[in-house]
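Student: Please take a close look at one part of this model, the place where the chains touch, and describe it in detail.

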Amino acid sequence: MNELTKLTAKDFATDQEVRWCPGCGDYAVLKAVQRTMPELGVRPENVVFVSGIGCSSRFPYYMETYGFHTIHGRAPTFATGIKLANPDLDVWIITGDGDALSIGGNHTMHVLRRNLDCQILLFNNEIYGLTKGQYSPTSRVGTRSPSTPFGSVDRPASPSAFALGSGARFVARGIDVHKNLPDVLKAAHAHKGAAFVEIYQNCIVYNDDVFAPFTAKENAGNQLWLKAGEPMLFAGGTKGLALNAEHLSLRIVEVEGGDWQAAGVLVHEPPNRSIAHMLVEMPLGGGWPTALGVLYEDPAPTFETAVVRQNAEASAGKTPDLQALVSKGQSWMVAKEPHAI
Amino acid sequence: MATATHLLTPEEAEADVRPEAVVVRFAGDSGDGMQLTGGQFTLSTALAGNDLATFPDFPAEIRAPQGTTFGVSAFQINFGSTAIDTAGDAPDVLVAMNPAALKVNVGDLKPGGLIIADEGEFGARNLAKAGYEGNPLEDGSLARWRLIALNISQLTLDTVKPFGLGNKEALRCKNMWTLGLALWMFDRDRAPLVEWLRTKFAKAPELAEANIAALNAGHAYGETAEIGGQLHQHHLEPAPAAPGLYRTVTGAEAISLGLVAGAQLAGLPMFFGGYPITPASAILHHLSRLKEYGVTTFQAEDEIAAIGSAIGASYAGSLGVTSSSGPGIALKMEAMGLAIMAELPLVIVNSQRGGPSTGLPTKTEQSDLYQAVYGRNGDAPMPVIAARSPADAFDCAIEACRIAVQYMTPVMLLTDGYIANAAEPWKVPDMAQYQPFPVEFYDEQPSEEATFSPYRRDGKLARVWVKPGTPGLTHRIGGIEKNFATGHIDYAPANHQKMSDTRAAKVLGVADSLPEQDVCLGGEGGKLAVVGWGSTFGPIHQAVRRARSRGEDVAHIHLRHIWPLPKNLGSLLRSYERIIVPEMNTGQLKTLLRDQYLVDARPVTKTSGQPFKIAEIEAAIEEALG
């Protein structure tokens, strides 16, 4: 492939038969990613998809790029080694709610705080699909599953809140089948550093319609799509989010005749970390919208850049000389010929 | 100064025997700087041209409660004018800085051996902490040995008074006073130590001068012979050694240098992913200072991230290396399986320690052989190499790198706590003598009709290594079974059989690149073979040498390659009537040898966290010979 060839989504699709359940949200995400890649201006050979274990982690097999399907929860560790060994590679981590927040919670935290330049797509379906439907760390209290026949009793983790708390400098949300997903992916790719994207993904077999309260057509008014510099409006512009300054919390306000200023609706500023914390903590239901799009972005120096720079600085002016290296330290010469013991 | 009444004759006490080798043990509280004292004494011994071996033995607690027996830190050195293979069975000289150090160590001292004790520390409180009812320096209980009790604490305080240090800081100089006395005893040059102290305390010249004064005062104390007939000065002639440049090296240093050399010989940048763990951390520390050799070090969030990042780096075209000790190695096992499945090069250094679980973090053991050879889920074959000494670890590390890149496989390099910490003289290798094994990454473009498969193999069954970033060769690998021909996911029964067979054959094929197993002492065939591996080399070698000098028909076979085993090992073992296998575990190599060759290998085991003594192996030889 020469540089002049215009790549299409097809150039990023492998000849492998996709093996997700019919109707799985993963198909939509795969299509969105394959459609987005040609627009990113990247060559397939410079892209690496790294995954852990779970339904979503089969993703690399369907991308005509380099791909590494690793072990459960550990994808960020392999991605870190790949990026440190070759910072020019475009690294994508594909993970799920169990993979990233249960068995791999530790690595998710550290890859985010280190700010490794990569895209992390967390497919959140609030269930363990590949092991046949056990409740996951993001399942809501009361989730009935083969391992919780009387309902789960533990409180769920919020992926985006976890990411923010871990020090992520980019947190976004998308919906598997929503037309905005490519824009979210593009924003994640444009961000230099660890870009965390939580994708609400429907598991048609074990957790169907779990996100319907805001993804179903009739509930689309519960989606709050955030755009930098624009007011935080939802429900067709009839409602907005304002700040309750006294209690330092968000409140829902009615917007009359489109006059959001009068209603005190907040304008989205992606670098505002405090507001981002409030956005990811909004509960599901109770009239609250689900915040989507780029919730937070405030770039910071990346890990691999810092490592490369320190390696270069520490090596500056030094000539590697293996013979000199092994001869270092306090040494002594034995001049005479050996004599028998 | 106090001298115990003892059972030695005046002739014995006065006799100035000229020993060929001397074993000295420095023991004190873990805050007394005994490891530092031992380390510096080792350097001066090496500079004097004596051969030597050391055994640092310290508690897992960084600062255990002062004066207690479990807080005792010791450093033993065996040095002499002949070849030294072990740190010595029993000390000739014990330096005890407090009652607890005396209590823990005096039982090991040779009868008639010399005790130098700091009587300034033998107050009622310290005696009670050590569990002494009376003062052993005064009650005659040490009569089997020669005793020199000096108030080292007070002598040090008097010496460093002019430098205006606080009492605590001043007392810290007493290890240098003791070292000064030891240097006098063995006729050593103080100049390199003085130079070292000036460098170490460059930012605090008053501390440097106080320590130098203490060092000189200890030396002068010996010289002015205030101790009378008790203390003699010994001069040990330099040991015979091949001409060349020598230095001292610890196992951790040698492994680090060997890994750097191995990566350079392969023509690759090295990526080291590590997580702090005793006694393996020193390798991470050493490598983190060698960035100009193309080394990237990464302190990961845990053991799994350490190996995961190393595998990721190998995938991207570096030589991935990770290192740990038993519990950390256990955590890495799943990822090793992935490296075996994805067929990526990787070096895993395992500095073994006493187990299971947390076990004995600072003590030595060889109990991870099963974990190395038989560990991991599924049939997951992996080459395993074991270093026998600090200096040998250099070549073993290079060998591990060679096998990893030539066979596209993870390789485990076994050392242990003893090798990692111990120091020995090392003839600096001539790097020009090492054969490079440059890696060629695969980048041939696939033809129109044939698509590229990541599992294309060479004659050794090693698959191609393609770096991401190479145009036209995008492919996917992972832990799921892949088709032998295409590299795509394939669960078919016949394919898994074929891939399992291929992985096993590839690793067994490593033996084609190994030298035949030799007999390092004695000949092929005979009454008894003593088979060892790892750091038991020294005591086994000495024990076999002694037995042979008594005319016994016994041979020493030492294995560097634990898996695959050298091709001739089976026939070699069958040429002996009897086989014993001394190892610091409950009989792991013994099991492997029995399994592979159906030979009656008998175990000689020790799991005390301490290295074998020569005498213990000699006894096992005598028993085996009947």
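Tutor: What follows describes the contact of chain A with chain B.

This is a predicted model, in which local features need pLDDT of at least 70 and side-chain atom pairs count only at pLDDT 80 or more, while totals for chains, interfaces and linings use all residues. Residues are numbered from 1 along each chain as its sequence is written, and chains are lettered from A and ligands numbered from 1 in the order in which they are written.

The contact takes 54 residues from chain A and 61 from chain B; two residues are in contact if their C-beta atoms, placed from the backbone, lie within 7 Å. On the side of chain B that touches chain A, the elements giving two or more residues include α2 (34-47), α10 (251-266), α12 (303-315), α13 (326-342) and β15 (476-478) of chain B. Helices (H or I, at least four residues) and strands (E, at least two) are DSSP runs, numbered from the N terminus. The largest share of this side of chain B, 9 residues, comes from α12(B). By class, this side of chain B has 35 nonpolar, 19 polar and 7 charged residues; Ala, Val, Leu, Ile, Met, Phe, Trp, Tyr, Cys and Pro count as nonpolar, Asp, Glu, Lys and Arg as charged, and the others, Gly among them, as polar.

Strand β15(B) also pairs with strand β2 (residues 66-69) of chain A, in the parallel sense over 3 bridges; two strands pair if DSSP finds at least two bridges between them. In β15(B), B:G478 is the bridge partner of A:H69.

Within chain A, 3 strands form an open sheet in the order β10-β11-β12, with antiparallel pairing. Strands β10 (233-234) and β12 (249-254) of chain A stand at the edges with a single partner strand each, so one side of each is left without a neighbour in the sheet.
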